[in-house]
Amino acid sequence: MNKKLLDELRERKDEHIYVVLENDVETKVTSWLENVILVHKALPEIDFNEIDLKAEIFGRQFNSPILIEGMTGGTEIAAIINKNLATIAEEYNIPMGVGSQRVALKHPEVRWTFKIARETAPDAFLIGNIGAPQLRELTLKDLDEIVSLIEADALAIHLNALHEVIQLSGDPNYSRVLSRIVEIVDYFKIPIIVKETGAGISREVAESLIRAGVKAIDVAGVGGTSWSAVEYYRAKKRGDELKARLGKVYWDWGLPTAASIIEVKNAVTKVGKTDVYIIGSGGIRSGLDACKALVLGADFVGVARPFLAPALKGVRELKSFITAFLNELKTAMFLTGSKTVADLRNVDFVILPPLKDWIEQRQLKVR
């Protein structure tokens with residue numbers, strides 16, 4: 001094995017973790033979820049203690065509509081994070097993704113940093129992960145290995161075109177990605193998820209993905225971590241002014257999360273496939289954010305960065321975070337008279353500009 005290459009990959013993956021934790025890498029443009037005002041129900045007519053957070057996706061019921069987004073893998077620090085997150089996924093019965101598994105194919109010696117998730121959580125719903133640009137070089141056998149490595153219940157293909165352009169040594173070749181997705185959908189029996197990585201998914205792209213047969217679209221819109229910002233800091237550290245400038249210019253590029261959820265919802269309606277799930281993610285920082293995403297049409301809500309710092313500290317800190325997050329979600333449900341997650345489909349709300357303007361100009365329907 002090429003030790004130098006592996007060391008460089010390890011350095012990059014750990015650097016990504018610490019850049020996110022130690023720097024301002026949030027987008028300046030928000031998720032626009034603050035432009036969704038839920039109508040307060042002064043007389044909710046339900047018992048707070050009887051609110052049921054259970055939700056279904058991929059034919060399986062979970063304790064809440066929260067998904068731990070794939071973040072990392074390939075290093076010892078990443079293994080700690082994956083182990084702690086898997087502990088929570090198992091105990092709280094929520095789905096969990098791992099970071100990109102490409103490194104595990106090239107360097108078998110780091111496979112344990114991904115396998116630890118399944119070893120820790122034998123009954124959890126785990127989601128494998130591979131990047132769209134890598135689909136050109138990977139065979140179906142390679143993808144089988146990725147799925148088998150963690151006994152994945154689903155496979156996510158992440159779209160990171162913006163990140164690849166700005167990333168040092170990135171791979172911005174997206175030719176023939178859609179045809180490969182069709183091939184992969186036909187090959188695997190497990191659900192295929194396509195997810196963005198912070199720039200959102202439009203109605204037009206969602207329609208293509210739905211027709212390709214994917215079972216879920218994870219919008220990952222603008223409003224949370226900007227990978228352009230992450231690469232800006234990395235480029236500045238190495239003195240690459242061209243990449244640093246590019247990262248700064250495209251810091252906020254993409255569709256805000258609230259807009260992207262509505263875009264994808266319109267695509268699902270237009271294509272007419274009712275068995276395609278929408279995962280709302282990108283800047284979900286509280287249970288109230290999660291509630292608004294669900295009201296707009298998301299079936300599940302993906303959370304990444306808020307889990308990261310607690311995951312490095314330990315399971316105790318993760319439990320504290322998720323307890324608070326779920327309590328915030330329950331409170332929003334109580335104040336809108338929603339006893340179940342399904343009831344959120346009937347919540348009244350008001351949409352303010354600029355989200356209102358986006359909906360009108362793009363000729364979108366809300367619900």
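Reading the fold of a predicted chain

Trainee: In this predicted model, what share of the 367 residues in the chain is buried?

Mentor: Buried residues make up 56% of the 367 residues, where buried means that a residue has under 20% relative accessible area.

Trainee: What makes the radius of gyration agree with a compact globule?

Mentor: A compact globule with 367 residues would have a radius of gyration near 21 Å, and since the chain has 20 Å, the value agrees with that expectation. Along the principal axes, the C-alpha atoms fill a box of roughly 65 × 45 × 40 Å.

Trainee: How do you know what part of the contacts joins residues at least 24 apart in sequence?

Mentor: Contact means heavy atoms within 4.5 Å, and among the contacts in the chain between residues at least 6 apart in sequence, 78% join residues at least 24 apart. The chain in which these contacts are made has 15 helices and 12 strands.

Trainee: Which residues of helix 8 are called buried, and what do the buried residues of that helix pack against?

Mentor: In helix 8, which spans residues 203–212, the buried residues are R203, A206, E207, L209, I210 and A212, and these fall under the 20% cut-off in relative accessible area. The buried residues of helix 8 pack against helix 7 (177–187) and helix 11 (257–271), as well as strand 8 (192–196) and strand 9 (216–218).

Trainee: Which residue takes a positive phi just after helix 8?

Mentor: That residue is G213, with a phi of about 100°.

Notes. Residues numbered from 1 in each chain as written. Predicted model: local features only at pLDDT ≥ 70, side-chain atom pairs only at ≥ 80, totals over all residues. Heavy atoms only, no water. Helix = DSSP H or I, 4+ residues; strand = E, 2+ residues; numbered from the N terminus. Rg over C-alpha atoms; globule rule 2.2 N^0.38 Å. Buried < 20%, exposed > 50% of the residue type's maximum accessible area, 1.4 Å probe, protein only.
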